[in-house]
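Open the model in your viewer and keep the sequence panel beside it. The stops below say what to select and what is there.

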Amino acid sequence: MPNAVEAVKRAAVEAVEAGKPVAFVFGQVISEKPLKIQVDQKTIYTERMLVLTRNVTNFELDASISAVTEEVSHTHPVKDTYTGGGTVEAISHSHPITGKKKLKIQNALVIGDFVLLARMQGGKRLIVLDRIKPHPAIEGEFV
């Protein structure tokens with residue numbers, strides 16, 4: 001008969017296994033709207049089951065910027081009451097862009113993206129952590 005320490009160890013291991021602790025899995029996006037990620041031949045997770053990080057979503061970002069546009073040459077139409085209008089001679093110029101600006105980061109998942117997911121304890125929801133590049137050592141784990 002096992003001693004008390006061994007029995008407690010075995011019970012702890014069984015409790016952890018039964019609770020499905022956090023585990024990492026790989027998947028591939030098979031649908032964008034609605035979002036679906038396939039992790040193996042039989043398992044597909046839908047949007048309801050997924051928690052998306054900012055790494056895999058579109059988002060807006062406030063940024064301070066100090067830049068100048070590329071120099072371009074173009075004309076502007078002119079309305080003149082005496083001559084009837086026309087265009088001015090083409091000139092080359094650039095424009096400064098400075099201050100706090102709102103940038104939209106286009107980072108949403110698209111069909112074919114490979115992703116790293118963390119299965120939350122209990123196994124019913126997954127956090128989509130980031131896109132990944134498939135590596136030959138784990139290629140068989142992708143769908």
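The tour goes from the whole chain to single residues, then to a pocket and a peptide bond.

**Whole chain**

Start with a cartoon view. This is a predicted model. Color by secondary structure: the protein chain has one helix and 12 strands. Trace from the N terminus. The helix comes at the start of the order, and the strands follow it, α-β-β-β-β-β-β-β-β-β-β-β-β.

Now turn on contacts. Take those in the protein chain with a separation of 6 or more: 60% of them join residues 24 or more positions apart.

Switch to the surface. The accessible surface of the protein chain is about 10,800 Å². Carbon and sulfur atoms hold 56% of that surface. Of the 143 residues in the protein chain, 17% are buried.

**Stop 1: Q28**

Select residues 23-31, which form strand β1. Pick out Q28 within strand β1. Is Q28 buried or exposed? Its relative accessible area is 17%, and the cut-off for buried is under 20%, so Q28 counts as buried.

Show the side chain of Q28. Which backbone oxygen does this side chain reach? Look to G112: its backbone oxygen is at 3.5 Å from the side chain of Q28.

**Stop 2: Q38**

Move on to strand β2, residues 36-38, and select Q38. Q38 is 10 residues from Q28 in sequence. In space, the two C-alpha atoms are 5.4 Å apart.

Check burial here too. Q38 has 16% relative accessibility, which is under 20%, so Q38 is buried.

Show the side chain of Q38. A polar atom of this side chain lies 3.5 Å from the backbone oxygen of Q41.

**Stop 3: the loop and P34**

Select P34, in the loop between β1 and β2. What is the peptide bond from K33 to P34, cis or trans? Read omega: the bond from K33 to P34 is cis, with omega near 0°. Most peptide bonds are trans.

**Stop 4: the largest pocket**

Keep K33 selected, as K33 is one of the residues that line the largest pocket. Add E32, L35, E47, L52, V56, T57, N58, A108 and L109 to complete the lining. The volume of the largest pocket is about 210 Å³.

Color the lining by residue class. How many of the lining residues are nonpolar, polar and charged? Five are nonpolar, two are polar and three are charged.

Notes:
Residues numbered from 1 in each chain as written. Predicted model: local features only at pLDDT ≥ 70, side-chain atom pairs only at ≥ 80, totals over all residues. Heavy atoms only, no water. Helix = DSSP H or I, 4+ residues; strand = E, 2+ residues; numbered from the N terminus. Buried < 20%, exposed > 50% of the residue type's maximum accessible area, 1.4 Å probe, protein only. Contact = heavy atoms within 4.5 Å. Areas by Shrake-Rupley, 256 points an atom, 1.4 Å probe, with all protein chains shown as cover. Polar contact = N/O pair within 3.5 Å; in protein donor to acceptor, adjacent residues only side chain to side chain. 1 Å grid on protein atoms, 1.4 Å probe; cavity = no way out; pocket = protein on both sides within 12 Å on 5 of 7 lines; lining within 4 Å. Points joined across faces, edges and corners; volume = space filled by probe spheres on them. Nonpolar A, V, L, I, M, F, W, Y, C, P; charged D, E, K, R; others polar.
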